[in-house]
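I opened this notebook to keep track of what I looked up. The entries follow the order in which I checked things.

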Amino acid sequence: LSIFEKVPEAGSLADLSTLPRHVGIIMDGNGRWAKSRGMPRAYGHRAGVERLHDIVKATGDLGIEVLTVYAFSTENWKRPAAEVEGLMKLLIEFLYREIDQLVENGVRIVFSGDEAGVGETVQKAMAYAKDRTKDNHRTTFNVAFNYGGRQEILLAAKKLAAQAAAGTLCPEEITAERFAEELDTAGLPDLDLVIRTSGEQRLSNFMLYQSAYAEFVFVKEHWPDFDERAYLRAIGEFQRRGRRFGGL
Ligand code: IPE
Ligand code: IPE
Ligand code: MG
């Protein structure tokens, strides 16, 4: 079913003529969601992954070009090894299980973050997902995994510095656009809307460069409770904001 069949008032919850091109979601609160049910954190992570199916589908149905989800930060390695291992397994499982549906829905999967820094089985699943979906054009689903905004910016700076030192790049040529080409999101539009679930109001190192003029919507729901209606409400709120980009 499309979002319009599942949520008949979709058109009034969000104005379909002024949609964001690129939405980012900081999927937070899996642990608290599980705790409130007296369950282990892993149960929350599993429920969280289940949410992705509907949200990615709705993104495509609405005609939003890009959805980026923050799935694992470079700081999340600080968590207990068993939890980290669980999150890796959930990504692998999701990629193999959902791939046929994603292909059917015209979704292209890409990743942001340090892919070389994750285990071989994770890398294999990522390569499989990218390859299976590379010819799809309806929606780009960008999974930020082992991702850190500062690390991404530093890496871009290093690559440009190396070219400058080698004499193949003139420092004056380093424009905002040229810089963006060195980021993991090269080719994708800047973020228009960043949603964070679970009440926390911070970026936690998410897409620092790309969110320069994004609108932020913070919602109380924990990520496993974030459904299509909540998604449409957040998009509706985005549409009521007055974006000025520094102008009048
Ligand atoms: C978000 O939920 C998932 C990841 C960070 C991978 P959390 O695991 O951060 O849940 P809380 O914030 O502890 O409730
Ligand atoms: C941000 O959530 C990272 C992801 C959602 C993947 P965290 O739960 O790790 O962020 P902090 O620690 O509360 O800032
Ligand atoms: Mg958290």
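**Ligand 1.** I began with G31, where a backbone N or O atom is 2.9 Å from an oxygen atom of ligand 1. I took a polar contact to be a pair of N or O atoms within 3.5 Å; within protein, one must be able to donate a hydrogen and the other to accept it, and residues adjacent in sequence count only if both atoms are side-chain atoms. G29 also has a backbone N or O atom by an oxygen atom of ligand 1, at 3.3 Å. For D28, a polar side-chain atom is 2.8 Å from an oxygen atom of ligand 1. On its own ligand 1 has 380 Å² of accessible area, and the protein covers 86% of that. I noted that such areas come from the Shrake-Rupley method with a 1.4 Å probe, and for residues only the protein chains shown count as cover. The residues that surround ligand 1 include M27, N30, R32, R41 and H45; a residue is listed if one of its heavy atoms lies within 4 Å.

**Basis.** This is a predicted model, in which local features need pLDDT of at least 70 and side-chain atom pairs count only at pLDDT 80 or more, while totals for chains, interfaces and linings use all residues. Residues are numbered from 1 along each chain as its sequence is written, chains are lettered from A and ligands numbered from 1 in the order written, and side-chain values use heavy atoms, with hydrogens and water left out.

**Ligand 2.** I listed the residues around ligand 2, among them I26, Y70, F72, S73 and S204. R202 has a polar side-chain atom 2.8 Å from an oxygen atom of ligand 2. The matching distance for a polar side-chain atom of R79 is 3.2 Å, and for a side-chain N or O atom of R196 it is 3.3 Å. The protein covers 77% of the 390 Å² that ligand 2 has accessible on its own.

**Aromatic pairs.** How many aromatic pairs does the whole structure have? My search found 13. Rings of Phe, Tyr and Trp (its six-membered ring) pair if their centres lie within 6.5 Å; planes under 30 degrees apart are stacked, over 60 edge-to-face, and the rest tilted. The ring centres of Y70 and F206 are 4.9 Å apart and the planes are at 35°, so I entered this pair as tilted. Y70 is in strand β2 (residues 66–73) and F206 in the loop between β5 (193–196) and β6 (215–218), so the pair ties together parts 136 residues apart in sequence. Strands (E, at least two residues) and helices (H or I, at least four) are DSSP runs numbered from the N terminus. Y70 and F206 are both buried; buried means under 20% relative accessible area, exposed over 50%, and partly exposed in between (1.4 Å probe, protein chains only). I also found Y70, Y147 and F206 in one aromatic cluster.

**Helix α9.** Is E228 buried or exposed? E228 is buried, at 9% relative accessible area, and has its place in helix α9. The E228 side chain makes a polar contact of 2.8 Å with the side chain of K6. Other buried residues of α9 include Y231, L232 and F238. The 13 residues of α9 (228–240) should span 18 Å at 1.5 Å a residue (times one less than the number of residues); the end C-alpha atoms are 19 Å apart, which agrees.
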